[in-house]
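Hi everyone, thanks for coming. I'd like to walk you through one structure today, at an easy pace. Have a look at it first, and then we'll go through it together.

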Amino acid sequence: MSSDIGGIYALAILKFKKEFQQISNFEYLLNAIARLGQQHGLFCYHAPQLAIKKAKKLEYKATTKDLFSFTFQFYKKARGLILLFCFVHYKKIYPLLSFTSSGLKRNFFNTEIDFTDIEVKSSKPATDNTIDVIIPTIGRPEYLLDVLEDLKGQTLLPQKVIIVEQNPDKGSTSDFNFVAEEWPFHINHIFTHQTGACNARNLALQKVTADWVFFCDDDNKFDTNLLEGCFSKIKTYGLEILVTAYRSKSEVLLYKHAKQWGTFGAGNAIIKRALLQNVKFDRALEFGYGEDMDFGMQLRNKGVDIIYHPEIEIVHLKAPMGGFRTKIIKPWEQTKPIPKPSPTVMTFMQKNYSIPQIRAYKFILWFKFYKVQDIRNPLKYKKSMQQRWEASEAWARKIANK
């Protein structure tokens, strides 16, 4: 957020008057509004085109005191301790005065801001709602058929469903025989012995012809009005990407406000097809974690916004994987020390995180993992985790260069 130029809807900024009236630093205030507001549905954008002439060099840097104050006030208090550790460990600086003076300040992390009385109505023209569905599947035919039945019952039918069926057994054949007359949409069925969700989704994306794409998993469950409800929200908010709520039957809904989303869901998202040029799932992240987050980062780096809405929901059944004679074993699982974190997560971080972000992730990972492992001696634990971290970095270089 910048105090040089910008704007905010008047009714929106008045929502913060009671909570933030004691904040005198304007830059701090704008960032406070953005941080708390985004948690409750305020959309914030960088719009450099507002300025007709731009200064060649504008630099603003928060003081160390402001940094600690903001961390203690707008994140969980434990983040202040993490910040102090990073200063001490990585910069050999001991900002104890900033730490202690900020620690007792009011925390706004759980403060509620209610925007429900502000009408949301996009001025963008309505777009065509033709949609294709892509579903990677492996060894769960009964679940896939249930998903197809849910799609069959939609009040707004998809134009085409693209299924990429994988089976690593070379002598295997498909579990399906789709009869065109049984389905109210075209089924494009691809069968391959090449496993991996990244490869499967990339194959499916090449077959998409509709204006929109629904990324769906083969163990999803949803109501008959899912697609129609998605397009209603897309029209109201003027969206190009919508991510639905996505949880198992036993999970509690954590995020209860429509918001700009910090990640991406490869099993519960609708995207405008025009955005997908030069975007694909990175196969260096195959069989690990992080491929959907990386896909989302590719979209954001193109300037695309990703919006989550809790009123549109898909249940994730989390079905067990089908049995195969060939078990996929990642090469780094056969080495010692076993990398920590997963090399695919490390690859994602190296592509998308700044050095301070990686350092903070490292500290949090080590702190949380200590409780669930067997080494009790802190010095031995630190040495072991450093070796595992370096192993992860080495494997990340290997898979990134494939």
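I'll go through some helix packing, then a strand, then a few single residues and some backbone oddities.

One thing before we start: this is a predicted model.

Okay, let's begin with helices H4 and H5. H4 covers residues 64-74 and H5 covers residues 78-91, and their axes are 8 Å apart. The angle between them is about 150 degrees. How do H4 and H5 run, roughly parallel or roughly antiparallel? Angles over 145 degrees count as roughly antiparallel, so H4 and H5 are roughly antiparallel to each other. On the H4 side, the contact is made by Thr64, Leu67, Phe68, Thr71 and Phe72. H5 brings Arg79, Gly80, Leu83, Leu84 and Phe87 to that contact. By class, that gives six nonpolar residues, three polar and one charged.

Stay with H5, please, since there is another partner to look at. H5 also packs against helix H12, residues 355-369, at an angle of about 115 degrees and with the axes 10 Å apart. That makes H5 roughly perpendicular to H12. The crossing of H5 past H12 is right-handed. Here the H5 residues are Arg79, Ile82, Phe85, Cys86 and Tyr90, and they meet Arg359, Ala360, Lys362, Phe363 and Ile364 of H12. What classes of residue do we find in the contact of H5 with H12? Seven are nonpolar, three are charged, and no polar residue takes part.

Now a third pair. Helix H10, residues 291-300, packs with H11 at about 15 degrees, and their axes are 10 Å apart. With that angle, H10 and H11 are roughly parallel to each other, since anything under 35 degrees counts that way. H10 passes H11 in a left-handed crossing. Met293, Asp294 and Met297 come from H10, while Phe348, Lys351 and Asn352 come from H11. The mix in the contact of H10 with H11 is three nonpolar, one polar and two charged.

Let's zoom in on Asp294, which sits in H10. Is Asp294 buried or exposed? With a relative accessible area of 1%, Asp294 is buried. Setting aside residues up to four places away in sequence, Asp294 touches Asp282, Leu285, Phe348, Lys351 and Asn352.

Over in H11, which spans residues 343-352, we find Met349. Met349 also counts as buried, at 1% relative accessibility. Although Met349 and Asp294 are 55 residues apart in sequence, their C-alpha atoms are 9.0 Å apart. Beyond its neighbours within four places in sequence, Met349 is in contact with Pro341, Ile358, Tyr361 and Trp389.

Pro343 lies in H11 too. At 0% relative accessibility, Pro343 counts as buried. Which residues does Pro343 touch, leaving aside neighbours within four places in sequence? They are Trp332, Ser392, Trp395, Ala396 and Ile399.

On to the strand I mentioned. E6 is made of residues 241-247, and five of its seven residues are buried, so E6 is largely enclosed by the rest of the structure. E6 pairs with strand E8, residues 268-272, in the antiparallel sense over three bridges. In that pairing, Leu242 stands opposite Ile270 of E8. E6 is also joined to strand E9, residues 307-316, by six bridges, and there the strands run parallel. Ala245 has Glu313 in E9 as its bridge partner.

Last up, the backbone oddities. Take the loop between E9 and H11, where we find Pro337. The peptide bond from Lys336 to Pro337 is cis, with omega near -5 degrees. Pro341 is found in the loop between E9 and H11 as well, and a cis peptide bond joins Lys340 to Pro341, with omega about 5 degrees. You may remember Pro341 as one of the contacts of Met349.

Lys318 belongs to the loop between E9 and H11 too. Lys318 is not a glycine, yet its phi is positive, about 50 degrees. At 47% relative accessibility, Lys318 counts as partly exposed.

And finally Lys92, in the loop between H5 and helix H6. Lys92 has a positive phi of about 55 degrees, again without being a glycine. With a relative accessible area of 59%, Lys92 is exposed.

That's my tour, thanks for listening.

Conventions. Residues are numbered from 1 along each chain as its sequence is written. This is a predicted model: local features need pLDDT of at least 70, side-chain atom pairs count only at pLDDT 80 or more; totals for chains, interfaces and linings use all residues. Side-chain values use heavy atoms; hydrogens and water are left out. Axes are lines fitted to C-alpha atoms, for helices over the stretch in contact, and angles run from 0 to 180 degrees between N-to-C directions. Helices (H or I, at least four residues) and strands (E, at least two) are DSSP runs, numbered from the N terminus. Angles under 35 degrees count as roughly parallel, over 145 as roughly antiparallel, 65 to 115 as roughly perpendicular and the rest as oblique. Contact means heavy atoms within 4.5 Å. Ala, Val, Leu, Ile, Met, Phe, Trp, Tyr, Cys and Pro count as nonpolar, Asp, Glu, Lys and Arg as charged, and the others, Gly among them, as polar. Buried means under 20% relative accessible area, exposed over 50%, partly exposed in between (1.4 Å probe, protein chains only). A crossing is left-handed if the near helix is turned anticlockwise from the far one by less than a right angle, and right-handed if clockwise. Two strands pair if DSSP finds at least two bridges between them.
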